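Hi,

Here is the structure I said I would pass on. Have a look at it first, and my notes follow underneath.

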Amino acid sequence: MKKIITPVLSLFAFASLLATETEINTALKIGTSTDTNQVETIAAGDSWKIVTGGSIAIGNGTDQNGTLNIYGTLDVNLSGDNIIIMGNANVNRNLTNINLDGGTISNSSGGVAKFYFGKDGNPGSQATVDLKNNSSITGSFNIEFARNASTTMNIDSTSVVNIGSGTLEMGMRNTANVIGIINVNGGSLTAGNFRMARSTSTGGNSTINVNGGGSVLVTTEFTMSDSTSGTDSVSYVNLTGAGSTFTVTGTRSALGKGSGTYANSVAEFKIGTGAKASMKDVYVNQNGHFTFALDSDNYVANAAAMLDARSITVVKDTAASPSASFYVDGALLSFDSSFVEGNSYNFALFEVTNGKLNFDGVDYLISGSDFLTKLAEYLAFENNTGLDDWENFDASNLYVSGNTIGISLTYVPEPATYAAIFGALALAFAAYKRRKQ
C-alpha cells in the first residue's frame, strides 16, 4: 500500500495569508453624523499604517461616538500634529474609545507624532484608552491628554506605554470639570517630560494612580499644577502598593507653582508604605506637598525611605499658601499579628543625599540640632490620633538617621481588638466541638 502524504498549512502560515495591511493616507473619521456609534477594528495579525496625508479622528460631533479596537498593529509612519485625535469637535456628549487588547501603536517615521486623547469637547464628553493583554504604545510621541474632554487611560500589568523622549501633558488647556486620570495597574509608563494640570485656563484636573507594582519613569522633567495663568489647577499622584515605583531621572521635579499662587490649586504627591519615589532635584512650591501614607500591611523592617532625592527645596509663603509641604497620614495603620505589643517601628519617610533641605532660601543641615524644629514648621499630620492599634503621634516621633528622616510609632493594640480575635477563635472552637459530637 502506498502511503499518501498530504501537505498541511501551519496555523501561523494560514494566519499570515489572511492578514491584511491597510494604508491610511486621508483623514479617517470614526463616529460621524452618518454613523453615530461607529466601531472600527484592527484584527489580530492585521496592520494599519498612517502615511502622508493620513490621520484618525474619533468622535466628530455631538452624540457622534467612536471606538477603535486594536488587536493588531497601528503604525504611524509620519511625524507632525493631529495624527490621532479623540474628540474632534467642541461639543457635548461625545464618547470616544481606543481599546488595545494585545495590540500595538508604534512609530516608524523617525520623527515625533502628536496625539490628542480628549482634545475637544465639554464636560459631557469622555475619552477612554485601555491597554491590556500585552498591549503597547511605543515610539516618539507627544500626547496631550484630557485637554477639553475628561479622559481615562488604563494600563494593565502586562502592558507598556513608552513615548521615549516625548512629552505627556495632562490638563494642558482644561475647561472646568474636565478630569484626566491615568491608572498604571502594574504596567509601566515612560515619558521624557510629564506635565500634570499645567492649565492655561481654569480647571486643569489630573490624577495618576500607580499601584500593583506598576512603574512610571520620567527622563527629563516632571511638574504638577505648574499653571501658567489659570486657577483651580489640581493634580494628584497616588503611588501605592509594594513594589510600585515613580522615578524621575531628569534634574527637575516641581510640585506646585514656582512663583505666585493661584486660588484653589493643589499638587499632592502621595506615597504609600512599600512604594518608592526616586527623584533628583525636587521643588515643593506654592500649593504643593508630599503625603506619606503609613500602611502597616506593607511595612518591612529597615526598608528604604519612601522618597529619595538629591536635593529638596521648599518655597512656601505661609501668608499666601498656608498649607504644609509634608504630610504624614496614619489612616492605613491597623492591627497586624506580626507586630509586638509595646514595640516601636520605624517608617523611613524621605532621604536627601546632599544632607540638607532648603526652606524658603535658607539651607538647614539634616544633622543640625535645629533641623527637626524647622521641619515641623512645614509638616502636618492626618489621622494621627484616636487610632485603634497605634499610639498617637506627632512631630515628637520624628527621627534622623544619616540623611534619612523617619517617624517611629509604637504598636499598642486595643483590648477590643484582642477581644474580637479571641471571640472569633472561641466561636470557631465551639463550632468544631459541635461537629465532633
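**What I found**

Phenylalanine 359 and phenylalanine 371 are both buried. This is a predicted model, by the way, so please read everything below in that light. The two rings form an aromatic pair with a tilted arrangement, 6.4 Å centre to centre and 45° between the planes. Phenylalanine 359 belongs to strand β33 (residues 356-359), while phenylalanine 371 sits in helix α2 (residues 371-376), and the two are 12 residues apart. The count of aromatic pairs comes to 25.

**The chain as a whole**

You will see a lot of strand here: the protein chain has 37 strands and three helices. It runs to 437 residues, and 50% of them count as buried. If you take contacts between residues at least 6 apart in sequence, 83% join residues at least 24 apart. The exposed surface of the chain is about 18,800 Å², with carbon and sulfur atoms supplying 50% of that area.

**The core and its phenylalanines**

The largest nonpolar core holds 94 residues, and the members that touch the most others are Phe222, Phe246, Phe269, Phe290, Ile312 and Phe350. Strand β32 (residues 344-352) gives this core its largest share, five residues.

Several of those phenylalanines turn up again in one aromatic cluster, which is made up of Phe194, Phe222, Phe246, Phe269, Phe290, Phe292, Phe326 and Phe350. Phenylalanine 246 is a good place to start if you want to look around. What does phenylalanine 246 touch, not counting residues up to four places away in sequence? There are phenylalanines, namely Phe194, Phe222 and Phe269. Val210, Val216, Val218, Val237 and Leu239 are also on the list, along with Lys276, Ala277 and Ser278.

**Salt bridges**

Side chains of opposite charge can pair when their charged atoms come close. A search of the whole structure gives eight salt bridges, and these are the ones I would show you.

Glutamate 169 and arginine 195 meet through their side chains at 3.3 Å, N to O. Glutamate 169 is in strand β17 (residues 167-170) and arginine 195 is in strand β19 (residues 188-196), 26 residues apart. Which of these two partners is buried, and which is partly exposed? Glutamate 169 has a relative accessible area of 10%, so it counts as buried. Arginine 195 comes out at 21% and therefore counts as partly exposed, given that buried means under 20%.

Arginine 195 also makes a salt bridge with glutamate 221, at 3.8 Å, N to O. Because arginine 195 lies in strand β19 and glutamate 221 in strand β21 (residues 215-224), this pair ties together parts of the chain that are 26 residues apart in sequence.

Then there is the salt bridge between aspartate 281 and arginine 310, at 2.8 Å, N to O. Aspartate 281 is in strand β27 (residues 281-284) and arginine 310 is in the loop between β29 (307-309) and β30 (311-314), so the pair connects parts 29 residues apart in sequence. Aspartate 281 is buried at 15% relative accessibility, whereas arginine 310 is partly exposed at 38%.

Back to arginine 195 for the last point: salt bridges with shared partners join Glu169, Arg195, Glu221 and Arg252 into one network.

Cheers

Technical notes
Residues numbered from 1 in each chain as written. Predicted model: local features only at pLDDT ≥ 70, side-chain atom pairs only at ≥ 80, totals over all residues. Heavy atoms only, no water. Helix = DSSP H or I, 4+ residues; strand = E, 2+ residues; numbered from the N terminus. Buried < 20%, exposed > 50% of the residue type's maximum accessible area, 1.4 Å probe, protein only. Contact = heavy atoms within 4.5 Å. Areas by Shrake-Rupley, 256 points an atom, 1.4 Å probe, with all protein chains shown as cover. Core = buried A, V, L, I, M, F, W, Y, C linked by side-chain atoms within 4.5 Å. Phe/Tyr/Trp six-rings, centres within 6.5 Å; stacked < 30°, edge-to-face > 60°. Salt bridge = Lys/Arg side-chain N within 4 Å of Asp/Glu carboxyl O.
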